[in-house]
Structures are given as C-alpha cells and as structure tokens.
Amino acid sequence: MKNRQRALLGGVLLLAACAVLAAPRAPAARKADERGLPRYGMMVFSDLCINADSGEFGGQRITLQRFNEVDTVLYEYTAGGISWPVVASDVNIDPRGRQMYFTVQPPEEDERTISGKIVDGGKALVLDGGYCGDATVPMRLPLVTDFGRKAGVCHACPPQKEKQEAPAQDNGGA
C-alpha cells in the first residue's frame with residue numbers, strides 16, 4: 001500500500017514539474033531587442049577610429065556609469081586628437097533604459113545637449129542629430145566589449161544628397 005502511494009505521489013510530482021516547464025513564458029520576459037540599459041554598471045559606447053591619411057583619431061566616446069544614487073557620463077570627442085573627458089551634467093535615462101540625454105560644455109564651446117536611443121538590446125547608442133553634417137544619417141556608437149582591441153580605420157562620409165531646386169516654370173508670358 002505504501003509503495004502504491006509513493007508511486008502515485010511521484011507521478012503527481014513528475015506531472016507538476018512537466019506542467020511548470022511547459023507553461024508559457026511570463027509577459028515580463030522581454031525580447032532582446034526591447035531591453036535597455038542595465039540599472040547598474042559601466043558601459044562605453046564609442047565610434048573612435050583612426051584616419052588613414054593623418055593617423056589622427058576621429059569619432060566620440062561616451063562612458064556611462066550607473067550607480068544606485070546617480071548616473072554619470074564622461075563625454076570625449078575628437079578635434080584632431082581626443083579631448084579631455086568632459087563630465088556631463090543633467091544626465092537623464094528613462095526608467096526602461098532605452099533613451100537618454102545629458103548636457104556637456106566642452107572647453108571654449110557653448111553648452112549643448114546630447115540625446116539618443118539605446119538599440120539592439122543595449123548593444124548600441126544611436127545619437128539624435130546628424131552624422132557627417134547630414135541630419136538624415138544617424139550617428140551610431142556601438143557598445144565596447146573588447147577594451148584591448150585597436151581602433152579601426154575611419155570611413156569616409158557618404159556623399160551628401162544635394163537638394164534639387166524645382167525648375168523655373170514658364171508661364172508663357174507675352
């Protein structure tokens with residue numbers, strides 16, 4: 001009799017375990033594309049590269065540090081050489097970690113706000129504004145995962161599309 005009860009109990013436990021494993025995932029489990037920034041840690045987004053002709057650096061680097069009390073950003077850009085890091089003020093990241101903006105004031109320049117979206121499940125930061133002087137081309141800074149790698153070669157800006165003026169219409173003047 002005891003063996004029969006044990007076998008029945010074992011079967012019920014096995015059935016319950018199978019039901020748990022086969023249950024659909026909770027809706028809270030987000031797809032990789034929908035994930036934003038982790039709440040804590042340090043992330044570096046950078047498109048730094050080396051100009052093949054001059055050997056100088058090009059691009060920018062954004063280092064985000066997320067602490068319990070505050071988020072901080074170090075912003076670096078190139079102007080012939082890499083700038084000293086500029087500590088950003090007014091760092092704001094949405095609760096889902098998908099959008100951010102911060103304010104910087106590089107030396108001898110006006111204060112400006114930089115904003116962007118986290119894409120590809122946190123693997124890149126796409127900045128608002130234009131790349132190569134074209135507002136339609138997004139500036140994409142990939143997440144740095146290999147800090148020992150050498151910087152790649154800078155790519156030339158794509159040719160800019162010129163705005164075509166509408167041809168003058170002849171009204172058949174007399």
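This report walks through the overall makeup of a predicted model, then its disulfide and a patch on its surface.

## Overall makeup

Let's start with the whole chain. The protein has 174 residues, and 26% of them count as buried. Its secondary structure consists of 1 helix and 12 strands. Reading from the N terminus, the helix comes before the strands, in the order α-β-β-β-β-β-β-β-β-β-β-β-β.

Two further values describe the protein as a whole. Its accessible surface is about 13100 Å², and carbon and sulfur atoms account for 55% of that. Of the contacts between residues at least 6 apart in sequence, 37% join residues at least 24 apart.

## The disulfide

The structure contains 1 disulfide. C49 and C154 form this link, with 2.0 Å between their sulfur atoms. The angle about the S-S bond is 100°, and the link of C49 and C154 is right-handed. It ties together distant parts of the chain, 105 residues apart: C49 belongs to strand β2, while C154 sits in the segment after β12 (152–153).

How buried or exposed are the two partners, C49 and C154? C49 has a relative accessible area of 13%, so it counts as buried because that is under 20%. C154 is partly exposed, at 25% relative accessibility.

## A nonpolar patch

Next along the chain from C49 is I50, which is also part of strand β2 (residues 49–50). With a relative accessibility of 30%, I50 counts as partly exposed.

Which residues form a nonpolar patch on the surface with I50? They are F57 and I82, and the three together have about 210 Å² of accessible area.

Conventions. Residues numbered from 1 in each chain as written. Predicted model: local features only at pLDDT ≥ 70, side-chain atom pairs only at ≥ 80, totals over all residues. Heavy atoms only, no water. Patch = residues over 30% accessible without salt bridge, like charges linked within 9 Å, V, L, I, M, F, W, Y side chains within 5 Å. Areas by Shrake-Rupley, 256 points an atom, 1.4 Å probe, with all protein chains shown as cover. Salt bridge = Lys/Arg side-chain N within 4 Å of Asp/Glu carboxyl O. Helix = DSSP H or I, 4+ residues; strand = E, 2+ residues; numbered from the N terminus. Buried < 20%, exposed > 50% of the residue type's maximum accessible area, 1.4 Å probe, protein only. Disulfide = S-S within 2.5 Å. Contact = heavy atoms within 4.5 Å.
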